[in-house]
Amino acid sequence: MSKTIENLKEAFAGESQANRKYLAFAKQAEKEGYPQAAKLFRAAAEAETVHAHAHLRVMDGIGKTVENLKEAISGERFEFKEMYPAMIETAKEEGKKAAERSFVYANKVEAIHADLYQKALDNIDSAKECDYYVCPVCGYTCENEPPEKCPVCGALAKAFSKVE
Ligand code: FE2
Ligand code: FE2
Ligand code: FE2
């Protein structure tokens with residue numbers, strides 16, 4: 001791999017992380033009553049997304065949708081079959097309860113993402129229209145309407161956000 005390809009991967013990872021971090025910082029600033037700082041965090045977050053997407057495009061990281069769905073499935077599978085199970089074990093061994101829960105939530109939801117992506121791939125030319133809802137606590141993702149209680153974390157239906 002050329003050094004530049006390596007650099008693009010590293011820069012994509014860094015910009016992606018900066019985006020999520022700034023959005024979390026924006027929420028914190030709102031909570032503390034600093035709306036202007038919050039707005040700046042959101043502005044920079046949006047710019048980091050521009051950088052991340054540009055790097056990804058330059059390294060040919062965006063394929064056609066069928067390809068992208070396959071890649072998404074294999075990424076989700078890796079996470080719930082290998083990555084998170086190992087991380088959960090380590091968190092248990094180290095007695096890191098909060099980390100364990102965070103990994104368990106993500107682990108369960110990645111398996112659901114893999115299924116949803118698989119379904120989308122199977123029905124790529126005959127997809128039925130439906131809405132998606134996301135649990136704000138654990139990320140549980142479902143079709144059509146939110147469950148009364150989140151099956152992963154127990155959050156109530158009214159907390160779910162509808163994806164536009
Ligand atoms: Fe950036
Ligand atoms: Fe996922
Ligand atoms: Fe949840």
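Colleague: How are Glu110 and His113 separated in helix 4?

Modeller: They are three residues apart in helix 4 (residues 97-122), so about one helical turn separates Glu110 from His113; helices here are DSSP runs of H or I with at least four residues, and strands are runs of E with at least two, numbered from the N terminus. This is a predicted model, in which local features need pLDDT of at least 70 and side-chain atom pairs pLDDT 80 or more, while totals for chains, interfaces and linings use all residues. Residues are numbered from 1 along each chain as written, chains are lettered from A and ligands numbered from 1 in written order, and side-chain values use heavy atoms without hydrogens or water.

Colleague: Which metal do those two bind, and what else is a donor there?

Modeller: The iron ion (ligand 2) has Glu110 (OE) and His113 (ND1) among its protein donors, together with two OE atoms of Glu76, at 2.0 to 2.4 Å. Donors are N, O and S atoms within 2.8 Å of the metal (3.2 Å for Na, K and Ca), and as water is absent, sites may look incomplete. Along the chain, the donor spacing is E-x33-E-x2-H.

Colleague: What geometry does the site of ligand 2 have?

Modeller: It is irregular, since the angles among the four donor atoms run from 55 to 137°. Four donors are tetrahedral when all angles lie between 85 and 135 degrees; square planar (four) or octahedral (six) needs opposite donors over 155 degrees apart and all others between 65 and 115, and anything else is irregular.

Colleague: And Glu110, buried or exposed?

Modeller: Glu110 counts as buried because its relative accessibility is 11%, the cut-off being under 20% (exposed is over 50%, partly exposed in between, with a 1.4 Å probe and protein chains only). Other buried residues of helix 4 include Tyr105, Val109, His113 and Leu116.

Colleague: How does the length of helix 4 compare with what 1.5 Å a residue would give?

Modeller: Its 26 residues should span 38 Å, and the end C-alpha atoms are 38 Å apart, which agrees.

Colleague: Switching sites, which residues hold the iron ion called ligand 3?

Modeller: Its protein donors are the SG atoms of Cys135, Cys138, Cys150 and Cys153, at 2.2 to 2.3 Å, and their sequence spacing is C-x2-C-x11-C-x2-C. This site is tetrahedral, with angles of 100 to 118° among the four donor atoms, and both Cys135 and Cys138 are buried.

Colleague: In what order do the elements of the whole chain run?

Modeller: The protein chain has four helices and three strands, running α-α-α-α-β-β-β from the N terminus, and 23% of its 164 residues count as buried.

Terms used:
Expected span 1.5 Å × (residues − 1).
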